[in-house]
Amino acid sequence: LDFSKLEKRREFCQAEVRLNNRLTEGIYLGVLPVRLSGSACRIGGTEGEITDYAVQMVRLDNRRQMSRLLRSGGVTPEDMQQLARQLAVFHTFTDKVRTPFDKAAAQADFEDILKVRRTVEVRFGRQSAELLDRAVVFSDRFLDAHADRLAERIRSGLFLDGHGDLHSNNIFLLDEPVIFDCIEFNEHLRRVDALNEVAFLCMDLNFYGRDDLESIFLDAYSSEFPAVRNDADKDILLYFKLYRANVRA
């Protein structure tokens with residue numbers, strides 16, 4: 001991240017509003033200057049030196065945050081179907097990315113978990129740290145075996161400019177689901193395979209013990225946006241769920 005200059009912070013705030021407005025309506029209102037006048041600091045207005053920028057948003061009802069509703073048992077099958085349809089429409093119309101498959105970058109994404117290997121060993125023991133080692137070996141072998149299919153998925157329009165951080169903390173289940181807080185600061189993390197995107201939410205549902213909701217979501221999503229087209233794609237979805245589990249860990 002590089003937010004070191006005022007202009008950079010303004011540009012990233014503008015990007016946050018622009019990119020999130022692809023999925024939301026009436027939530028991201030704009031970018032306001034943060035001004036310093038004497039000892040007073042205020043957001044908006046025309047007086048004083050601009051020292052920073054802020055994204056103006058509508059405050060959402062925290063009681064309807066999906067992660068909270070999962071803990072309380074308040075997420076319904078209808079919620080998942082509605083969410084799946086909304087995401088499928090977004091994936092249908094968002095920009096498709098046609099850059100060649102970068103196996104080295106995919107390996108690096110999965111292997112990022114090794115940054116915490118030492119901490120894992122200290123806190124949880126050698127066996128836990130060795131589990132990370134085995135996971136990385138598995139990842140390398142999996143990518144070798146599935147590189148052609150992953151490249152083919154890119155050519156088929158299944159690699160897209162998505163949300164990038166699709167887990168239940170970033171979803172509010174209102175009359176219409178609100179998917180907010182996409183990744184604006186790193187294109188690599190936002191431009192992903194469609195299955196990489198939905199895998200984060202699927203893994204999150206597994207974490208909360210709601211495999212039933214995962215099945216409902218995947219069925220509804222696939223009926224609108226068929227991202228799983230063969231047995232290899234089923235394996236790829238599972239692989240991306242493992243990667244997203246690394247992110248959560």
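Student: In which strand does isoleucine 43 have its place?

Tutor: In this predicted model, isoleucine 43 belongs to strand β2, which covers residues 40-43.

Student: Is isoleucine 43 buried or exposed, and how does one decide?

Tutor: The general idea is to compare the relative accessible area with a cut-off: a residue over 50% is called exposed, and one under 20% is called buried. Isoleucine 43 has a relative accessible area of 56%, and therefore it is exposed.

Student: Which residues is isoleucine 43 in contact with, leaving aside its neighbours within four places in sequence?

Tutor: With those neighbours left aside, the contacts of isoleucine 43 are Leu32, Pro33, Val34 and Ala54. One may also compare separation in sequence with separation in space. Isoleucine 43 and valine 55 are twelve residues apart in sequence, and their C-alpha atoms are 10.0 Å apart.

Student: Where is valine 75 found, and what does it touch?

Tutor: Valine 75 is in the loop between α2 (66-72) and α3. Its relative accessibility is 5%, so valine 75 counts as buried. Not counting residues up to four places away in sequence, valine 75 touches Met66, Leu69, Leu70, Met80, Leu173, Arg210 and Leu213. In addition, 9.5 Å separates the C-alpha atoms of valine 75 and arginine 64, which are eleven residues apart along the chain.

Student: Which side chain makes a polar contact with the side chain of serine 67?

Tutor: The partner is the side chain of asparagine 169, at 2.6 Å. Serine 67 has its place in helix α2. With a relative accessible area of 1%, serine 67 is buried. Beyond its neighbours within four places in sequence, serine 67 is in contact with Ser168, Asn169 and Tyr208.

Student: How does one check the span of a helix, for instance α3?

Tutor: One sets the distance between the end C-alpha atoms against the span expected at 1.5 Å a residue. The 17 residues of α3 should span 24 Å, and the end C-alpha atoms are 25 Å apart, which agrees. Helix α1 (residues 6-20) can be read in the same manner: it has 15 residues and reaches 21 Å from its first C-alpha to its last, close to the 21 Å expected.

Student: Why do residues three or four places apart in an α-helix point the same way?

Tutor: An α-helix has 3.6 residues a turn, so residues at that spacing point the same way. With this in mind, one may examine the buried positions of each helix. In α3, the buried residues are Asp79, Met80, Leu83, Ala84, Gln86, Leu87, Ala88, Phe90 and His91. They pack against α2, β4 (159-161), β5 (171-173), β6 (177-179), α8 (194-207) and α9 (211-224).

Student: What are the contacts of glutamine 86, leaving aside its neighbours within four places in sequence?

Tutor: Glutamine 86 is in contact with Leu23, Pro177 and Ile179, once those neighbours are left aside. Its place is in helix α3, residues 77-93. Glutamine 86 counts as buried because its relative accessibility is 19%, and the cut-off is under 20%.

Student: Which residues of α1 are buried, and what do they pack against?

Tutor: In α1, Cys13, Ala15, Glu16, Val17, Leu19 and Asn20 are buried. Those buried residues pack against β1 (28-37), β3 (49-57) and α7.

Student: Which residue caps the N-terminal end of α4?

Tutor: Aspartate 102 caps that end, with a side-chain oxygen 3.2 Å from the backbone nitrogen of alanine 104. Within α4 (residues 103-111), Ala105, Ala106, Gln107 and Phe110 are buried. The buried residues of α4 pack against α6 (126-155), α7 (187-190) and α10 (231-248).

Student: What is the phi of aspartate 181?

Tutor: Aspartate 181 has a positive phi of about 60 degrees, although it is not a glycine. Aspartate 181 lies in the loop between β6 and α7, and its relative accessible area of 30% makes it partly exposed.

Student: How many helices and strands does the chain have?

Tutor: The chain has ten helices and seven strands. Of its 249 residues, 44% are buried. Among contacts between residues at least 6 apart in sequence, 71% join residues at least 24 apart. The C-alpha trace spans about 60 × 40 × 40 Å along its principal axes.

Student: How many positive and negative side chains does the chain have?

Tutor: There are 35 positive and 41 negative side chains, and the centres of the two sets lie 3 Å apart. The accessible surface comes to about 13,400 Å², of which 50% belongs to carbon and sulfur atoms.

Notes. Residues numbered from 1 in each chain as written. Predicted model: local features only at pLDDT ≥ 70, side-chain atom pairs only at ≥ 80, totals over all residues. Heavy atoms only, no water. Helix = DSSP H or I, 4+ residues; strand = E, 2+ residues; numbered from the N terminus. Buried < 20%, exposed > 50% of the residue type's maximum accessible area, 1.4 Å probe, protein only. Contact = heavy atoms within 4.5 Å. Polar contact = N/O pair within 3.5 Å; in protein donor to acceptor, adjacent residues only side chain to side chain. Expected span 1.5 Å × (residues − 1). Areas by Shrake-Rupley, 256 points an atom, 1.4 Å probe, with all protein chains shown as cover. Lys, Arg positive; Asp, Glu negative; His and termini not counted. Charge placed at Lys NZ, Arg CZ, Asp CG, Glu CD.
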